[in-house]
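Good morning, and thank you for making time for this presentation. Please look at the sequence and the structure as they come up, and I shall then go through selected regions in turn.

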Amino acid sequence: MQFISHHDQQLSLSETDKPQLQPHEVLVKVAAVGVNRADCMQRQGKYPAPKGDSPILGLECAGTVVALGAEVDNDWLNQAVFTLCSGGAYSEYVAVDASQLMPLPESLTMAQGAAISEVYLTAFGALFQLGNLQQGQTALIHAGASGVGGAAIQMAKRVGATVVITAGSDEKCQHAKELGADHVINYKTTDFVEYMQHHQLTANVIVDPVAGRYLNKNAEIAAMDCQIIMLAFLDGRFAEVDFARLLQKRISFHASTLRNRSQAFKRQLRDEFVAMFYDDIANQRFDFNIYKTLPWQQAMQAHEILERNENAGKVVLLVE
């Protein structure tokens, strides 16, 4: 089978054998692949695959189940699905834990399916499992025009929260507004602390891939018992922290990544997400927020779009 290999920070098509299936796995013939920052970092040598995962790039896909491991229910055969992958999605075929599969609703395209798993499950874990976001509360979502940001905005609105986002351009702010954000802040022209104080807003849950200098700023506009969920550190790896303010507001700080979680964790995340939001996906209540689709031969161009921060939403590769 063909797959996209990465070598010296470049991507190219190569040949390899189809994956061997474990008893609990299925073989998915890949139709579309979601592109994520983690893929770019792995290509650059900064984010190697966890032990036991496929060294091939790609953490999510949509496609069709074409073979089953010994323990998998026969109903999955020939099903259209979308799913998280433990790597390996930049490929014609990928082996996937059957318990992480989600049936692709007939109303969705393969490209839409490929744009869901990584960002929606990441945002769901942050907002609801760690953040315990409730109706009537306020969520602050940094990088609100990203894939995770767009998923977080829509799920937070669906449960009746107020949503504040930050993004780096007026176009991205407008995009977030169209996805349902109540307050949009261009961080290049407006300080989010000043904005929130002026509008008398405090955040119960903060989803933050920026970290660095944002930690103390987050604490300033946090409500009591605020949950701050850090997903990355785009601003920088180190920061001085005002612990007095964290204590004063009883702030909980979570650092969370999805990729290195256990199979059991990912299965439970998938089950809770499906229970809460699968109907919304099937009934197209969410915008799957696709910025661009490209043929998979143009994977390098897809990575460059992410690395330039050009995209508002997801970039998806179509496997032909």
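In which loop is Ser169 found? Ser169 sits in the loop that runs between β9, residues 162-167, and α5, residues 170-178. I should say at once that what you see is a predicted model. With a relative accessibility of 18%, Ser169 counts as buried, because the cut-off for that class is under 20%. A polar atom of the Ser169 side chain lies 3.0 Å from the backbone nitrogen of Lys172.

Let me turn to helix α4. This helix covers residues 147-158, which is 12 residues. From its first C-alpha to its last, α4 reaches 17 Å, close to the 16 Å expected at 1.5 Å a residue. Of its 12 residues, 9 are buried, so α4 is largely enclosed by the rest of the structure. Among those buried residues are Gly147, Gly149 and Gly150, together with Ile153, Gln154 and Met155. What provides the cover? The elements over the buried residues of α4 include the helices α3 (117-130), α5 and α9 (263-282), and also the strands β8, β9 and β15 (314-318).

The two ends of α4 each deserve a remark. At the N-terminal end, Ser146 acts as the cap, with a side-chain oxygen 2.9 Å from the backbone nitrogen of Gly149. Just after the helix, Gly160 adopts a positive phi of about 85°.

I move now to strand β11, residues 203-208. Is β11 largely enclosed or not? In this strand, 6 of the 6 residues are buried, so β11 is largely enclosed by the rest of the structure. β11 pairs with strand β8, residues 138-141, in the parallel sense over 3 bridges. Within that pairing, Leu140 has Ile206 of β11 as its bridge partner. β11 also pairs with strand β12, residues 222-230, again in the parallel sense and over 5 bridges. There, Ala203 stands opposite Ala222 of β12. The connection from β11 to β12 passes through helix α7, residues 214-220, and this β-α-β crossover is right-handed.

Gly131 offers another view of this part of the chain. Gly131 is placed in the loop between α3 and β8. Its relative accessible area is 4%, so Gly131 is buried. Leaving aside neighbours within four places in sequence, Gly131 is in contact with Gly125, Ala126, Val205, Gln227 and Ile229. By contrast, 21 Å separates the C-alpha atoms of Gly131 and Arg213, which are 82 residues apart along the chain.

Next come the antiparallel strands. Strand β3, residues 25-35, is joined to strand β4, residues 60-68, by 7 bridges, and the two run antiparallel. One bridge there links Val30 with its partner in β4, Gly63. On to the next pairing: β4 and strand β5, residues 80-84, also run antiparallel, with 5 bridges between them. Here Ala62 has Phe82 of β5 as its bridge partner. As a general reminder, in a regular strand the side chains alternate between the two faces of the sheet.

That brings me to the cysteines. How many disulfides does a search of the whole structure find? The search finds 0. Two residues illustrate the distances involved. For Cys61, the closest cysteine sulfur belongs to Cys85 and is 3.7 Å away, which is too far for a bond because a disulfide requires sulfur atoms within 2.5 Å. Cys61 counts as buried, at 1% relative accessibility. For Cys40, the closest cysteine sulfur is again in Cys85, and at 17 Å it is too far for a bond. Cys40 is buried as well, with a relative accessible area of 4%.

My last residue is Gln42, in helix α1, residues 37-43. Gln42 has a relative accessible area of 6% and is buried. What does Gln42 touch? Not counting residues up to four places away in sequence, Gln42 touches His6, Tyr47, Ala49, Pro55, Ile56, Leu57 and Arg259. With Arg259 there is also a polar contact, in which the side chains of Gln42 and Arg259 are joined at 2.9 Å.

Thank you for your attention; I am glad to take questions.

Definitions and conventions: Residues are numbered from 1 along each chain as its sequence is written. This is a predicted model: local features need pLDDT of at least 70, side-chain atom pairs count only at pLDDT 80 or more; totals for chains, interfaces and linings use all residues. Side-chain values use heavy atoms; hydrogens and water are left out. Helices (H or I, at least four residues) and strands (E, at least two) are DSSP runs, numbered from the N terminus. Buried means under 20% relative accessible area, exposed over 50%, partly exposed in between (1.4 Å probe, protein chains only). A polar contact is a pair of N or O atoms within 3.5 Å; within protein, one must be able to donate a hydrogen and the other to accept it, and residues adjacent in sequence count only if both atoms are side-chain atoms. Two strands pair if DSSP finds at least two bridges between them. A crossover is right-handed if, with the strands pointing away from the viewer, the path from the first strand over the helix to the second runs clockwise. The expected span of a helix is 1.5 Å times one less than its number of residues. Contact means heavy atoms within 4.5 Å.
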